[in-house]
Amino acid sequence: MARFLFPTEYYDSTYSIDFEKYYRLGYRGVIFDIDNTLVPHNAMHDQRSRALFKRLKEIGFKFCFVSNNKEPRVKSFNDEVNGCYVYKAGKPKTRGFREAMKKMGTSTRNTIFVGDQLYTDIWGANNARLHSILVKQIDKKEEIQIVLKRIIEKPFIWFWLHVLHHKMKTAPTKKTSSSKH
């Protein structure tokens with residue numbers, strides 16, 4: 001099997017990732033894909049994404065958006081949260097990932113990548129030798145070329161989960177205290 005397509009980890013959502021844990025482990029930079037990783041395709045920030053980037057800054061992370069999209073989309077998405085960005089990144093080529101690390105002042109040893117597609121995001125992050133995190137897509141409504149890629153991705157994800165016995169990670173459940181009557 002094509003190991004370069006296998007993520008280091010797989011989460012049900014970007015918003016389930018314990019970024020505090022990664023900071024404790026020594027990571028200092030996070031590279032994100034945008035569409036269907038953080039928000040639905042072509043959407044701008046919502047409450048959840050704004051809260052995430054506020055939290056990342058409070059933790060001490062630097063972050064950068066790496067997208068194959070054109071500059072107006074990527075710049076406008078970045079401007080609201082003041083990270084850095086690379087547009088027309090050419091994923092899965094490594095140029096965009098290297099440029100992002102240079103902008104953040106990080107290296108392959110202390111940078112993680114979060115994205116929703118195997119053939120662009122995870123392949124590129126793995127080629128750049130990053131800790132790669134695959135997340136489930138946010139919205140099923142996508143352009144036809146992405147829908148076709150997702151069909152081809154399914155056997156790889158199935159193999160990674162069922163044959164290699166990896167687990168999809170979810171947000172930790174919050175413990176609630178039960179009141180006694």
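## Chatting through the side chains

User: Let's start with His-45: buried or exposed?
Analyst: His-45 is buried, with a relative accessible area of 7%. One thing to keep in mind as we go is that this is a predicted model.

User: Good to know. Where does His-45 lie along the chain?
Analyst: You'll find His-45 in the loop between β2 and α2.

User: And which side chain does it join through a polar contact?
Analyst: That partner is Ser-49, whose side chain makes a polar contact of 2.8 Å with the side chain of His-45.

User: Which residues does His-45 touch, not counting those up to four places away in sequence?
Analyst: Leaving out those sequence neighbours, His-45 touches Val-39, Arg-50, Phe-53, Phe-77, Glu-80 and Val-81.

User: Arg-50 and Glu-80 both turn up there. What do their side chains meet in?
Analyst: Arg-50 and Glu-80 meet in a salt bridge, at 2.4 Å from N to O. Arg-50 lies in helix α2 and Glu-80 in the loop between α3 (71-79) and β4, so this pair ties together parts that are 30 residues apart in sequence.

User: How accessible are those two?
Analyst: Arg-50 counts as partly exposed, at 34% relative accessibility. Glu-80 is partly exposed as well, with a relative accessible area of 38%.

User: How many salt bridges does a search of the whole structure find?
Analyst: The search turns up nine. Side chains of opposite charge can pair when their charged atoms come close.

User: Show me another one. What does Asp-33 form with Lys-91?
Analyst: Asp-33 and Lys-91 form a salt bridge too, and their closest N and O atoms are 2.9 Å apart. This pair links distant parts of the chain, 58 residues apart: Asp-33 sits in the loop between β2 (29-32) and α2 (47-59), while Lys-91 sits in the loop between β4 (84-86) and α4 (95-104).

User: Why does Asp-33 count as buried?
Analyst: Asp-33 counts as buried because its relative accessible area is 7%, and buried means under 20%. Lys-91, at 7% relative accessibility, is buried by that rule too.

User: Which residues are linked with Asp-33 in a network of salt bridges?
Analyst: Lys-91 and Asp-121 are linked with Asp-33 in that network.

User: What about Asp-79 and Lys-75, where do they lie?
Analyst: Both are in helix α3, four residues apart, or about one turn of the helix. Their side chains meet in a salt bridge of 2.8 Å, N to O. Asp-79 is partly exposed at 37% relative accessible area, and Lys-75 is partly exposed at 36%.

User: Let's switch to rings. How many aromatic pairs does the count come to?
Analyst: The count comes to 12 aromatic pairs. In one of them, the rings of Tyr-22 and Tyr-27 have their centres 5.9 Å apart and their planes at 70°, so the pair is edge-to-face. Tyr-22 is buried at 1% relative accessibility, and Tyr-27 is buried at 15%.

User: Got another pair?
Analyst: Sure! Phe-97 and Phe-113 are edge-to-face, with 5.2 Å centre to centre and 75° between the planes. They link distant parts of the chain, 16 residues apart, with Phe-97 in helix α4 and Phe-113 in strand β5 (residues 111-115). Both phenylalanines are buried.

User: Which residues form one aromatic cluster?
Analyst: Phe-19, Tyr-23, Phe-32, Phe-53, Phe-61, Phe-63, Phe-65 and Phe-77 form one cluster. Tyr-23 also has Arg-28 lying over its face, 3.6 Å from the ring centre.

User: And which ring does the charged end of Lys-103 sit over?
Analyst: That one is Tyr-85, with the charged end of Lys-103 at 5.5 Å from the ring centre.

User: Last topic: which residues of the largest nonpolar core touch the most other members?
Analyst: Out of 26 residues in that core, they are Phe-19, Phe-32, Leu-38, Phe-53 and Phe-65. At least two core residues come from each of α1 (19-24), β2, α2, β3 (62-66), α3, β5 and β6 (131-135). The largest share, four residues, comes from α2.

User: What does Phe-65 touch?
Analyst: Beyond residues up to four places away in sequence, its contacts include Phe-32, Leu-38, Phe-53, Val-74 and Tyr-85. There is also a second, separate core of 14 residues, which includes Cys-64, Ala-89, Ala-100 and Phe-113.

Conventions:
Residues are numbered from 1 along each chain as its sequence is written. This is a predicted model: local features need pLDDT of at least 70, side-chain atom pairs count only at pLDDT 80 or more; totals for chains, interfaces and linings use all residues. Side-chain values use heavy atoms; hydrogens and water are left out. A salt bridge is a side-chain nitrogen of Lys or Arg within 4 Å of a carboxyl oxygen of Asp or Glu. Buried means under 20% relative accessible area, exposed over 50%, partly exposed in between (1.4 Å probe, protein chains only). Rings of Phe, Tyr and Trp (its six-membered ring) pair if their centres lie within 6.5 Å; planes under 30 degrees apart count as stacked, over 60 as edge-to-face and the rest as tilted. A charge sits over a ring if NZ of Lys or CZ of Arg is within 6 Å of the ring centre and within 35 degrees of the ring normal. A polar contact is a pair of N or O atoms within 3.5 Å; within protein, one must be able to donate a hydrogen and the other to accept it, and residues adjacent in sequence count only if both atoms are side-chain atoms. Contact means heavy atoms within 4.5 Å. A nonpolar core is a set of buried Ala, Val, Leu, Ile, Met, Phe, Trp, Tyr and Cys residues joined through side-chain atoms within 4.5 Å.
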